[in-house]
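Student: I am new to this structure and would be grateful for a close look at a single part of it. Would you please describe how the two protein copies are related, and then continue to the parts that surround them?

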Protein chains: 2
Amino acid sequence: MSQTVDRALSILPLLAEGPANLEQVATRLEVHKSTALRLLRTLHEHGIVYRQPDQRYRLGARLFALAQEAMENLDVREIAHPHLAELNAACGHTVHLAVYEEDEVLYIDKVESRYPVRMYSRIGKTVPITVAAVAKLLIADLPEPERRAVAERLDYPRYTARSTPDAAAFLNELATVREQGWATDLGGHEESINCVAAPIRGAEGRAVAAMSVSAPNVVVSADELLTLLPRVRRTADAISAEYVGRPLTPQRDSTPRRDSTPRRDSTPRRDTNPQRGTNPQRDKRAAP
Amino acid sequence: MSQTVDRALSILPLLAEGPANLEQVATRLEVHKSTALRLLRTLHEHGIVYRQPDQRYRLGARLFALAQEAMENLDVREIAHPHLAELNAACGHTVHLAVYEEDEVLYIDKVESRYPVRMYSRIGKTVPITVAAVAKLLIADLPEPERRAVAERLDYPRYTARSTPDAAAFLNELATVREQGWATDLGGHEESINCVAAPIRGAEGRAVAAMSVSAPNVVVSADELLTLLPRVRRTADAISAEYVGRPLTPQRDSTPRRDSTPRRDSTPRRDTNPQRGTNPQRDKRAAP
DNA sequence: GATTATGTTGCAGATCTTGCAACGACCATT
DNA sequence: AATGGTCGTTGCAAGATCTGCAACATAATC
């Protein structure tokens, strides 16, 4: 919508790949050097990009700080963390928490495995959406039309022989997942890694996040991992309970649910609302 | 420099505080609603902001992903990590890695304490610059004029009775740190937490990062923690050695150091270059 | 059902952005 | 030391892009 901003933002993913100098940026943006310079200057002033001693640009500290601050404000994360830690303490494996947002699923929390052989992942990373157990859960929970739309839009990379091959297979899998209320990924992303996942549900019963336990074959077999399923589901349910439990504001609000009325489908429905009222300024509107 | 981009970027810190609706954004930006809307739309298209079901905006997934990707590309981090892990394995305490960038110091890596009582921190968080041991090291290493300039610019919040009170005290402390080549924070930020830190030096001998070991009083006393100093310094030196060791590109380059010539001080000198050539696209220019 | 509160769109004026071209700094080569 | 090349920086004029307005749309509230 805004050309200038559009261009400026296009610089970001470019720099995420690694430092670049003015000309490289200008070339890839397909604009004149001077234009690129001014955009970069503005980004620099905001601390979003940093200029190295060798004059090349890379993403800056404030970007990290922003992402950090935003992440810390996610309510599910806060509530879930102790439960995840507890589960990890019990089984020792890597525990993840993930949310869905506009065709992407990303980890927002993680408790590291206590085994020496671990799965690679990082908070903030997007997960392979067509195969990850948490992703399947979150997409499976979308209303039918959007679920289908998402499935069609996606790519289906063949990470392994067991990766989901195409949209049809994915939708099938989603139906199963939806039915059973939990999901697995048995070597769909990394041949030797398995996961079991369960959804965390908010006030209206919609999945606001999903959690999973992952472990490589060399530590436990897929069958052994599956024996953890009840425990994983119990943990997820406990988090859900606590999540819906907390009222929006300490002094209860008039009509906290506005999603309960059936809505016409003119706009495709967006979901996942992992953010709720702990933030002080939130109450401003209700005050005077 | 660019008004539109400037405004758009100003939205980010605002949303980092918590979700906000269109009007709130417009008000705080001091622009018309329609203007704010268009900016938000553009940010949305890039996935930088996300629109919740209740129409409010918050920071989006792509922002996390960007920060994540950029962080993973930091070379020092990559090299340092195994060393940090090793140190943690030996002593059990929290180990941090931090870099300096334009008046801010932030953690770029961390290995969690294995003790139940832990220090709170998070990768990507900025550290209290006037008291943290790693911050002192990094600032102490700046060339004199800039060091002074930074010291003057800073605020000196009194976290505890032992916090650095003002610029003068800070500069004094920096002189000591510079002299001895290591630093501590003994209850300067949190009454009960102590840290020891050592610098990681790059090719030109400048500090490109700093690492620290932190532990609460209840686990080990400050004196006990100080006995770890030699070990911390050895680890930092090992990282430094490996960091300068790796040449810029596998096939060695002509003149890898361009900082070695004394430079006139017309522009205040920027430092810290924790980013070096592992990235494939980097070599593009050298190719044809 | 009227009323408020919020978000959205089309439009015309003007600001702000753009690309150009020339300049300057720096490096490398002869 | 001189010359040529690369890359970043600046002033300017043309005009594309952005802005604020006002009216409209929609949903919540009384």
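Tutor: Chain B is superposed on chain A by a rotation of 180° with 0.0 Å of shift along its axis, at an RMSD of 0.1 Å; the fit is by least squares on the C-alpha atoms of residues with pLDDT of at least 70 in both copies. The two copies are thus related as by a two-fold rotation axis. This is a predicted model, in which local features need pLDDT of at least 70 and side-chain atom pairs count only at pLDDT 80 or more, while totals for chains, interfaces and linings use all residues. Residues are numbered from 1 along each chain as its sequence is written, and chains are lettered from A and ligands numbered from 1 in the order in which they are written.

Among the residues of chain B, B:V5 comes closest to the rotation axis, with its C-alpha at 2.4 Å. The same surface serves both copies, since 100% of the contact residues of chain B recur in chain A. Two residues are in contact if their C-beta atoms, placed from the backbone, lie within 7 Å. Chain B brings 56 residues to the contact and chain A brings 56 residues. On the side of chain B that touches chain A, two or more residues come from each of helix 1 (3-16), helix 3 (33-45), strand 1 (49-51), strand 2 (57-59), helix 4 (61-72) and strand 4 (104-111) of chain B. Here helices (H or I, at least four residues) and strands (E, at least two) are DSSP runs, numbered from the N terminus. Helix 4 of chain B gives the most to this side, with 10 residues. By type, the side of chain B that touches chain A holds 22 nonpolar, 16 polar and 18 charged residues. In this division Ala, Val, Leu, Ile, Met, Phe, Trp, Tyr, Cys and Pro count as nonpolar, Asp, Glu, Lys and Arg as charged, and the others, Gly among them, as polar.

Both chains also take part in the surfaces near the DNA. A residue is near a strand of DNA if its C-beta atom, placed from the backbone, lies within 6 Å of it. Around DNA strand D there are 21 residues, of which A:Q3, A:N21, A:L22, A:S34 and B:T35 come nearest. Two or more residues of this surface come from each of helix 1 (3-16), helix 2 (22-29) and helix 3 (33-45) of chain A, and from each of helix 1 and helix 3 of chain B. The surface near DNA strand D divides into three nonpolar, 12 polar and six charged residues. Around DNA strand C there are 22 residues, and A:T35, B:Q3, B:N21, B:L22 and B:S34 come nearest. The surface near DNA strand C divides into three nonpolar, 13 polar and six charged residues.

Within chain A, an open sheet of five strands has the order 4-3-7-6-5, with antiparallel pairing; two strands pair if DSSP finds at least two bridges between them. Strand 4 and strand 5 (183-186) of chain A stand at the edges with a single partner strand each, so one side of each is left without a neighbour in the sheet. Strand 3 (residues 94-101) of chain A is joined to strand 4 of chain A by seven bridges, and A:V95 has A:V111 as its bridge partner in strand 4. Strand 6 (residues 193-201) and strand 7 (residues 207-216) of chain A pair in the antiparallel sense over nine bridges.
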